[in-house]
Amino acid sequence: MSQLSGLEIRGLRVSFDGFTAVDGVDLDVAPGDLRFLIGPNGAGKTTLVDAVTGLVKAQGSVLFGGAELLGRSVHRIARSGIGRTFQTATVFEGLTVLQNLDIAAGAGRGMLTMLRRRKGVPEPVARALETVGLTDLAHSPAGTLAHGQKQWLEIGMLLVQDVRLLLLDEPVAGMSHDERQATGELLEHISEERTVVVIEHDMDFMRSFARSVSVLHAGRVLSEGTVAEVQADPRVQEVYLGHAAAGDAALGSAGPTLPDEPEPSGGTASGRTGAAVQEV
Amino acid sequence: MSSQPEGVHLSSESYRSSGFRPQRRRVIAGAAALAAVVALTACGAKTDAAGGSSDQAAKADTSGDTVRVGLLNSLSGTMAISEVTVRDSLRLAIEEINASGGVLGKQIKPVSEDGASDWPTFAEKAAKLIKEDRVAATFGCWTSASRKAVKPVFEKNKSLLFYPVQYEGLEESPYIFYTGATTNQQIVPALDYLKSRGEKSIYLVGSDYVFPRTANKIIKAYAKANGMKVLGEDYAPLGSTEFSTIANKVKASKADAVFNTLNGDSNVAFFKEYKSAGLTARSMPVVSVSIAEEEVKSIGSQYLAGQLTAWNYYQTTPGAANTKFVKAYKAKYGQDKPTSDPMEAAYTSVYLWKAMVEKAKSFDPEKVKAASDGITFDAPEGTVTVDGASQHIHKTARIGRIGTDGLIEQVWDSGEPIEPDPFLKGYDWASGLS
Amino acid sequence: MTVILGQTFTGISIGAVLLLIALGLSLTFGQMNVINMAHGEFIMAGAYTTYVLQKSISGAGLSLLVALPVAFLVAGALGALLEWVLIRRLYLRPLDTLLVTWGVSLMLQQLARDLFGAPNVQTRAPDWLTGNITVLGGSDPLTFANSRLFILGLAVTAVVALSLTLRLTSLGRRIRGVVQNRDLAEVSGISTSRVDRTAFFLGSGLAGVAGVALTLVGPIGPTMGTNIIIDAFLVIVVGGIGQLKGTVIVAFALGVMQSVLEYSTTVSVAKVLVLVAIVAFLQWRPQGLYTLRTRSLV
Amino acid sequence: MTLFKGAPAAPAGKSPSVLAGRPARAWAGFAAAAVALFALAPLALSDFRLGLLAKYLCTAMVAVGICLAWGRGGLLTLGQGVFFGLGGYAMAMHLKIADAGPGNLPDFMQLYGTASELPWWWRPFGNPLVALAATVLLPMAVAAVLGSFIFRRRVKGAYFAILSQALAAAFAIWLIGQQATTGGTNGLTDIQGFFGYDLDDPVNQRMVYFVIAAVLLLLIALVRQLIHSRYGELLVAVRDSEERVRFLGYDPANVKLVAYVVAAGTAGLAGALFVPAVGIISPAMIGIVPSIEFVIGAAVGGRASLAGAVLGAIGVAWAKTALSEEFPAAWTYFQGLLFIVALAFLPGGLVSLAGIVRRRRAAATALPSGGAA
């Protein structure tokens, strides 16, 4: 594993036609951190990740391992060691689990390797299969996986991609309690070698696994610190009270995982328009 | 194959996973289907099965008491608007001949094929008619492009094509009889007529294909030699229906007359625009070489009244032969259906072929060709004579004016049939053309 | 000067024709993302409707005015039928729709050939539409053709009517709702399938109206729709999908461009240049002139 | 991107080792196709029908490329006519120069042209090797330039389809306008010889057929390899979710570009071989209509499967001939109906029909149905 790298965001600003989704965020994620980003709907969490990964244009500065990311294209940012998942699990449904992982592992492959058939299972892929527990399903089409399994496959893809920073958007949404536990442990394990940032609404999950927490509100960082520090911050309580009737409940328990703001859908589009956009 | 248990009962999963095995099997299934296609194609080849498939010139099949001829016209696509009427006219002639005893005692059996307004398709269908249907002769084609596409097919197989449409000349295929006008029987007389009226300048408008471009080359050579000015030359893509700019350009040129070689659909749009621009037959007459009665009907005399056309035949051409032809055509296809020059030339071509065959006492193309010189027929356009050397026919040139009733009234004719001169060898000014 | 004004008017009038034939597409293609290659045949249906009506109604002017609503209904009904039989099965496969509707267009052309004969047919234009009005007198007068002014008026009316329908009526709101978020519209109690059909009816009906207008300037025949359909699609693509104002601006811009280029070069060259310019433009703005900038389109 | 559920879109086998270990079936299928093309067809068919089959096989070559670019990559290549035409004209230009003989102009230039010598851009095609290379490389080069612009600007789906059609139309209009140097609407016709062999001779026509059949099989093998390679898997991934691929560090534009360029190459080769088989290349083969017809064949057979696309192309071309011979006045009804039924109700193409039947039968009898295909 290559050396750990941290993320350093300064003055990040993203706006869409006059609406400012991220409004001057400063954020530092230490190398090897397991950072949770929380915040009410519309706080700008996903947009922040979009900006870091090059999906939306942004002003400011994002340094990863000392290198500026803004202005680079999506695939170059990915190659520099940053991987992400989406709210809706996005895997290649027509391909098998193995093929999904093999593609994720292969961005650096040469022309000749690409034009040959895949023989056997590459070692990193086998390891990732093991890590995310999908070895038995290696030859199943990804489209037939259960929801949670797709999320794991996505994480597995980031592992074989060998990224140094994982940006995970609600990785445990829709998972059972046991699955959440397993995913959390997996993330802890991963963060030993990589930096992990998780967007999450599930407060139980956050409390169990977060090493540090940033609270976003209205496009700004509201509070930052350990779980306990953040929970004690009166501003955080106020924000959550202002947005959900049962404020403490939202923070204190699993709470209803409300649908987040409309997402730049990298994944399965819900409506026809979405599907069209995918193709167009 | 399906020994794996999940292939049997797990619905969606098996649906997907079983997708793999059949895929490899599909290659075999594919080969089997390919064989089936081959077999089917073979079924289509029934008429050819008897003969040795490798002999060069497919001999026409004249063994029974019928003789097959091919009708090769576009029945679909953009050219169908014109070519369907030619097919109808050919059928009329064949019916008449059959009713009067056929050719050499044999009834003519027409085999119709659709050229689909697509030149390679014309070539394919021509080969099919010759090789599969063993036709004694083929009648049809309209555009020069379709004729150029089938020309090698007829030459290669030594089979005859009768081509019924006025064309750009500069061609003498030994296996094509040209029963429409060549340039010296239509364009040159039209220019002579304009000159005699004292028109000093002309504007050329045409569709972007071979006939207009070649015709305009000839027109420019003629104009240069006869002190006429060509003030402009515009081509619209075939099928183009937007003519406002061309109408503006024509109007701005203030030419004495317009020479129009537009084809088909474009004429409708052109004349509607022409009238909208305030141009009239009085202020700036248009001489058209592709507008016959059928086109007048679809454009409307509202837009065309007074404009000029150059042809060898009009529905109003006097004579008993024409009266009979028009009457028979309307009886068969409807009183509102007009007859036109290409239809007449097509009708005449069947009778000319009959006369040649009877003179040669054979359906053999070589003998028919040899017998062709001097064959005459009392055609609706007047008596026509075949020139055996060029395989064109002597035709009378006629200038007509379109009336408000949609009929074309003859205003001038060449007096006698003009000898065909496809390469314009008899005209000094045309020496540099080919 | 006269030439410039004349060509500008010509360009605008070409643009008006383009706009009319593209307007229906701005609903079916622009809003619903259906590539309907049979749209040209709906235009043809509108033109033949004019022809049929003229046979039964004497008076060219009256029959033309009657033809406008009738053609709208005929073409609209054809469109709704097509939507019901085929297109609704293909909503998630826009590219298959293109090929299927191409098959439909082949069949409709042949049907026209069998019903009305292969040759073109004619309609009479009323006298008040065949002339022109003189705008500038003098030795080199500038004239505007009445038929072109009529089409321009018709196009403007249709645009206004369509945009008012989309903006003000509940039908329009439902259409926009379905376009923007189908699932949400569905759970809000909107019958999306009915909205689809209605939108298709409107879009195809507009094609019928365009067909009536085309009888004034062009031929009426089985293949009349095929020649213009690609131009109409290009107008939508360049204008930006789902953007009425983009469609309007681009139709007129392409019209003027075509007429100016045509005047200074030839029709073929102008056509090729316009197509190349479109390709270049889409390099610059791949989503068209106006884009619906929402986050889901990023 | 749409997942074509009817056609199993996943390319590789149950396991790669299984696939690699049992290529026997693929070989058997390939051998059967070779037998059908090289033994069965020449025996069963007359010269005329064999000539038609040669023409169908040319459209099948285009379909091979379409299968890759569209079936696998999701690019609706509605402008294949352009590449077919480039290949066809490159070949025909050489053959016309060769027919005319050294120092002479091709016949149509003498008729319609004004120049007394070959235009400069004709001259390189006088060299047979240059011309042969150009039939493939020229379309590929054009596709590479176009594709790199289009894909980098992320023009996709409907836009790409309509843009392709516009380009096809523009190219056809341009060719028609240059009558003196391209033959205009007529195209290049009356081609007599093929690299010294007289095309009038039925034996040589047969040879042309064999060349075409061999090239088709070769192309199938090549593209099959591509589809089953890692690249092929990546291409499907790009089709299914381009954005996701980008986040894995690939540039999808390059992935698509390769498929587009390969498809252009196969279309060019098809156009080149169409010329000696049919004896003509004209703008009629380039515009919007032929471009759609190329795609439709592949779609009817099954775009995502090589066998489906190839057989579909052959089948649709054959159906066009057969129907128009049988019903010259009404065949377009049947053709339209065929497209509608096949595409609207069998999105995976006719090959998926075999799969459906097989599954039904398997479900009904719960017995192995091997060999039933």
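Author: Two strands pair if DSSP finds at least two bridges between them. Helices (H or I, at least four residues) and strands (E, at least two) are DSSP runs, numbered from the N terminus. This is a predicted model, in which local features need pLDDT of at least 70, side-chain atom pairs count only at pLDDT 80 or more, and totals for chains, interfaces and linings use all residues. Residues are numbered from 1 along each chain as its sequence is written, and chains are lettered from A in the order in which they are written.

Reader: How do you know that β14 of chain B is joined to β15(B)?

Author: Strand β14 (residues 398-402) of chain B shares 5 bridges with β15(B), and the two run antiparallel. Pairing requires at least two bridges, so the two strands pair. Within them, Arg401(B) stands opposite Glu409(B).

Reader: What makes β7 and β15 of chain B edge strands?

Author: Each of β7 (229-236) and β15 (408-413) pairs on one side only. The open sheet has 7 strands in the order β7-β6-β8-β9-β10-β14-β15 (chain B).

Reader: Why is strand β8 of chain A called largely enclosed?

Author: A residue is buried if 20 or more other C-beta atoms, placed from the backbone, lie within 10 Å of its own (exposed if 12 or fewer, partly exposed in between). In β8 (residues 195-199) of chain A, 5 of the 5 residues are buried, so the rest of the structure largely encloses this strand. Thr195(A), Val197(A) and Ile199(A) point one way, and Val196(A) and Val198(A) the other way.

Reader: Which strand is joined to β8(A) by 5 bridges?

Author: Strand β7 (residues 165-169) of chain A is, running parallel to β8(A), with Leu166(A) opposite Val196(A).
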